[in-house]
Amino acid sequence: MAPGVRLIQKVSSTRTFARIAPHVIPVMDRTVHRLTRGKVLLSARMLPGLILTVPGARSGRLRTTPLACMPEKDGTEQSWILVGSNFGRTGHPAWTANLLAGPGKAVVNWRGRDIPVRATLLQGAERDAVWQTALKFWPPYATYQTRVEREIRLFRLERRSDAAA
């Protein structure tokens, strides 16, 4: 574990972090990502991260959101898990509704490359198994879940078969 990770995990579990972080971290990530032409995602220095672009569920306008992710399949860019924790705040994050409305219309920017993906909402035993992996990956997710009555949504994003390899 990288130095300072335990401290960051502790801080990210606080209610103060949940109030402030959603207004600061995505703005910083989007700005730095744009300025570096997709080469740098600041929050990815702590956790793997990607930029999700998907049409809005109601507006249809493209929405771009920087997110932490759990790469699967040994990081070979085949699939990623997204956790809709919303920093432990009430309500599902908007990007989860966008994925539900357009699961085959999403694109991720992973390490500077745009990759068309299909999103699947995980449910049942599969969700439970991935949730346990997510808790090992980032223990503050457990704190986030205790703060909210909703079940935190988990999505698997997989490279679309219509996308070039």
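Hi everyone. Let's start with a definition: a residue is buried when its relative accessible area is under 20%, exposed when over 50%, and partly exposed in between, using a 1.4 Å probe and protein chains only. With that rule, buried residues make up 42% of the 165 residues in our chain.

Before we go on, a word on where this comes from. This is a predicted model, so local features need pLDDT of at least 70 and side-chain atom pairs count only at pLDDT 80 or more, while totals for chains, interfaces and linings use all residues. Residues are numbered from 1 along each chain as its sequence is written, and side-chain values use heavy atoms, leaving out hydrogens and water.

Now the overall layout. The chain has 5 helices and 7 strands; these are DSSP runs, numbered from the N terminus, with helices (H or I) of at least four residues and strands (E) of at least two. In sequence order the pattern reads α-α-β-β-β-β-α-β-β-α-α-β.

Let's look at helix H3, residues 94–101. Which residues of H3 are buried? They are Trp95, Thr96, Asn98 and Leu99. Down the axis of H3, these fall within an arc of 160 degrees, so they line one face of the helix; the arc is taken from the directions from the helix axis to the C-beta atoms. The buried residues of H3 pack against several strands, among them E1 (49–55), E4 (79–84) and E7 (153–159). Threonine 96 is a nice example, buried at 0% relative accessibility. Setting aside neighbours within four places in sequence, threonine 96 is in contact with Gly84, Arg153 and Phe155, where contact means heavy atoms within 4.5 Å.

Next stop, helix H5, residues 140–147, whose buried residues are Pro140, Tyr141, Tyr144 and Arg147. Seen down the axis of H5, they sit within an arc of 115 degrees, so they too line one face of their helix. Two of them, tyrosine 141 and tyrosine 144, make an edge-to-face aromatic pair, 6.0 Å centre to centre with 70 degrees between the planes. As a reminder, rings of Phe, Tyr and Trp (its six-membered ring) pair if their centres lie within 6.5 Å; planes under 30 degrees apart are stacked, over 60 edge-to-face, and the rest tilted. Why are these two tyrosines about one helical turn apart? Because tyrosine 141 and tyrosine 144 are 3 residues apart in helix H5. Together with Trp131, Tyr141 and Tyr144 form one aromatic cluster.

Finally, the charged side chains. How many salt bridges does the structure hold? There are 3, each being a side-chain nitrogen of Lys or Arg within 4 Å of a carboxyl oxygen of Asp or Glu. In one, glutamate 72 meets arginine 156 at 2.7 Å, N to O. Glutamate 72 is in strand E3 (residues 70–72) and arginine 156 in strand E7, so this pair ties together parts 84 residues apart in sequence. Arginine 156 also bridges to glutamate 126, with the closest N and O atoms 2.5 Å apart. That second pair links strand E7 to helix H4 (residues 124–137), 30 residues apart. Arginine 156 is buried, at 14% relative accessible area, whereas glutamate 126 is partly exposed at 41%.

The other bridge joins arginine 127 and glutamate 151 at 3.4 Å, N to O. Arginine 127 is in helix H4 and glutamate 151 in the loop between H5 and E7, so parts 24 residues apart in sequence are tied together. Here arginine 127 is buried at 5%, and glutamate 151 is exposed at 51%. Thanks for listening!
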